[in-house]
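This report walks through one protein chain, moving from a single side chain to the chain as a whole. Please keep the sequence and the structure in view while reading.

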Amino acid sequence: MRRMAWALPAVTLAVTACSVAPAGTPPAAPRPASRPAASPVATPTAPATTEAPAAVAAAATVPPRLPHSPHGGPGRFPPTGSGVLNKKIVLVDPGHNGGNFSAPEIINQLIWNGRESETCDTTGAETDTGYTEAQFNWNVARYLTADLRAAGATVILTRTSNTGVGPCVTKRTALANQAHASAAVSIHADGGPPGGRGFAILEPVADGINNAIIGPSARLGTDLRNAFAAGTGEPVSSYDGINGIQPRDDLAGVNLSTVPKVFIECANMRNPTDAALITTPAWQAKAARAIAAGLTTFLTQR
Ligand SMILES: [Zn+2]
């Protein structure tokens, strides 16, 4: 996510940022032309396996290929293996989209997020060298999807390319609700203060619509936090949340969810140490494996 709140007074730090720009922030502008070309899929899918995600062998060096849905829109992907996640449905939401930069008229449209107005989507964060969060999220999502399917899960993706626009955060959330997903995770990376690093889990706050998923989402968040720390070695955020957990009441993705749902800000793209790590396929695969492990704990032991 693009995180802008760190430049604001400290009192606002805990509740602003990510996919919502603070009031007064200019709408997303088209991307500058200098951004390096993204590196889309290149080689075949990681091999299917019947083992749990945490036991899957060496990660692919490029994100696994997925069949695209029409126009890169949402897609549903059946299991490729059989294992501990048999019969589970998992919604994987790679935040933002590579085409958002050139479609401000679409992504700046206002939606209702359950408490207030929010833009349909945002462009997301990027590293100082221009590696976009949309690309990072998409890469991690593809590794994660392969791991989950190999363990028996059906995976629903909110987008199936990194060249499209949106969909709106309301649509992303509705996809999980309509599928009665066992769990849902939105994958993001932050654009925080350069001196801060680490990851954070963003959890829902009860608002009526999401009341039934507060407890399960907190458990999912804890499982994900523990697995991500263990699997990646990434520290919990030094500036976002407490011990890696940050409740959020300003995101449609958690305000409108009726299935257990959290966001993960995998790292801070503006931090040089984090940026060097997370732009490599090896780290992206490792992050996905850790997310799969956290989801597996939640889905099998809760
Ligand atoms: Zn994001």
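## A side chain that reaches a backbone

In this predicted model, the side chain of Asp223 reaches the backbone nitrogen of Phe298, at 3.4 Å. Asp223 belongs to helix α4, which covers residues 214-232. With a relative accessible area of 9%, Asp223 counts as buried, because that value is under the 20% cut-off.

## Strand β5 and its partners

Strand β5 covers residues 154-157, and Thr154 and Ile156 point one way from the strand, while Val155 and Leu157 point the other way. This agrees with a general pattern, since side chains in a regular strand alternate between the two faces of the sheet. On both sides the outcome for burial is alike, as all of these residues in β5 are buried.

Which strands pair with β5, and in what sense? Strand β1, residues 75-77, pairs with β5 in the antiparallel sense over three bridges, and in this pairing Arg76 stands opposite Ile156. Strand β2, residues 89-94, runs parallel to β5 and is joined to β5 by four bridges, with Val90 standing opposite Val155.

Thr154, which lies in strand β5, has a relative accessible area of 15% and is therefore classed as buried, the limit being 20%. When residues up to four places away in sequence are not counted, Thr154 touches Arg76, Phe77, Pro78, Pro79, Lys88, Ile89 and Val90.

## The nonpolar cores

The largest nonpolar core has 44 residues, and those with the most contacts inside this core are Leu144, Leu148, Ile291 and Leu295. The elements that give two or more residues to this core are β2, α2 (133-150), β5, β6 (183-190), α4, β9 (261-268) and α7 (281-301). Helix α7 supplies the largest share, 10 residues. A grouping of this kind fits a general tendency, for nonpolar side chains in soluble globular proteins tend to be buried together.

Leu295 shows what such contacts look like for one residue: leaving aside its neighbours within four places in sequence, Leu295 is in contact with Val90, Leu144, Leu148, Ala183, Val185, Leu220 and Leu224. Apart from the largest core lies another core of nine residues, including Leu175, Ala179, Ala181 and Val259.

## Backbone angles in the loops

Most residues other than glycine have a negative phi, and most peptide bonds are trans. Against that background, a cis peptide bond joins Gly166 and Pro167, with omega at about 5 degrees, and Pro167 is found in the loop between β5 and α3 (169-179).

Lys87, in the loop between β1 and β2, has a positive phi near 75 degrees although this residue is not a glycine. His180, in the loop between α3 and β6, also has a positive phi, of about 50 degrees, and is not a glycine either. Are these two residues buried or exposed? Lys87 is exposed, with a relative accessible area of 81%, and His180 is exposed as well, with a relative accessible area of 65%.

## The chain as a whole

The chain contains seven helices and nine strands, and buried residues make up 56% of its 302 residues. Among contacts between residues at least 6 apart in sequence, 82% join residues at least 24 apart. The chain exposes about 11500 Å², of which carbon and sulfur atoms supply 61%.

Technical notes:
Residues numbered from 1 in each chain as written. Predicted model: local features only at pLDDT ≥ 70, side-chain atom pairs only at ≥ 80, totals over all residues. Heavy atoms only, no water. Buried < 20%, exposed > 50% of the residue type's maximum accessible area, 1.4 Å probe, protein only. Polar contact = N/O pair within 3.5 Å; in protein donor to acceptor, adjacent residues only side chain to side chain. Pairing = 2+ DSSP bridges. Contact = heavy atoms within 4.5 Å. Areas by Shrake-Rupley, 256 points an atom, 1.4 Å probe, with all protein chains shown as cover. Core = buried A, V, L, I, M, F, W, Y, C linked by side-chain atoms within 4.5 Å.
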